[in-house]
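Biologist: I'm new to this one, so could you take me on a close look at the spot where the ligand sits? Keep it relaxed, please.

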Amino acid sequence: LIYLKRIYYTTEMIVAGLYILLLLLELAFLIGFTVYTIFLIYSGLKGSPYVPTKSKEAEFILKEIGLEKNKVFYDLGCGDARVVRKAVSQYHVKGVGIDVNPILITYARFLARIRGLKDIKLKVKNLFDTDLSQADVVYLFLMPGLLKKLIPKFERELKKTALVVSHGFLIEGWEKNMVKKIPHTPFPTYFYRRP
Ligand SMILES: C[S@@+](CC[C@H](N)C(=O)[O-])C[C@H]1O[C@@H](n2cnc3c(N)ncnc32)[C@H](O)[C@@H]1O
């Protein structure tokens, strides 16, 4: 009887332990989900919600740019920095990714570290506070309103030779600077040279 009681109590303890573990997991998931949602809304409020460039599209666009080794590649609003990471690993450029969202940048840094990428800087920053004078290529996947506001900054800071690549949306007001359009679906990509 004592033996049976011991088994009973041990089983009860295991079930209670599993129940607590499940509750903790649920709580962690809820907190994670809430924090993630808050930061997604934050990204949207800052000018552009987080929607990543599809991997295949990113590869195609990078090929079209024709990146050369050691050129400086910026992604303003880089999200998980998939485009910058690809540019660094496949074309050996110096990559800079800027995003206001600290969760996305933390995740991007984690991915860059586990892939052993060295020539990459990932910063939590507002893109308007970023100096662009060293950029050879600037990649953007941002909402049209934000793109339009960037024009004065581009004209002030970018090198004459810099290439601006806007995925998804036209830079309204910069039509005269467009050098190429890739009519991809669902998102075309526009290439510009600064005037
Ligand atoms: C459509 S996503 C593009 C992500 C990435 N460039 C890609 O193509 O995969 C836009 C990103 O811009 C970021 N963002 C929005 N406003 C910003 C701002 N003012 N400064 C920096 N990043 C911003 C958002 O957090 C979001 O990650």
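Modeller: Sure, start with the pocket: the space taken by the ligand is the largest one. A pocket here is an open set of points on a 1 Å grid over the protein atoms alone, with protein on both sides within 12 Å along at least five of seven lines, and a molecule sits in it if more than half of its atoms lie within 2 Å of its grid points. Keep in mind that this is a predicted model, where local features need pLDDT of at least 70 and side-chain atom pairs pLDDT 80 or more, while totals for chains, interfaces and linings use all residues. Residues are numbered from 1 along each chain as its sequence is written, and side-chain values use heavy atoms, with hydrogens and water left out.

Around the ligand you'll find 25 residues, each with a heavy atom within 4 Å of it. Ser43, Thr53, Gly77, Asp99 and Leu127 are the closest. By type, the shell splits into 12 nonpolar, eight polar (Gly counts here) and five charged (Asp, Glu, Lys or Arg).

Now for the polar contacts, meaning pairs of N or O atoms within 3.5 Å. The side chain of aspartate 99 puts a polar atom 2.7 Å from a ligand oxygen. Aspartate 75 has a side-chain N or O atom 3.0 Å from a ligand nitrogen, and at leucine 127 a polar backbone atom is 2.9 Å from a nitrogen of the ligand. On its own the ligand exposes 600 Å², and the protein buries 99% of that, going by the Shrake-Rupley method with a 1.4 Å probe.

Technical notes:
Polar contact = N/O pair within 3.5 Å; in protein donor to acceptor, adjacent residues only side chain to side chain. 1 Å grid on protein atoms, 1.4 Å probe; cavity = no way out; pocket = protein on both sides within 12 Å on 5 of 7 lines; lining within 4 Å.
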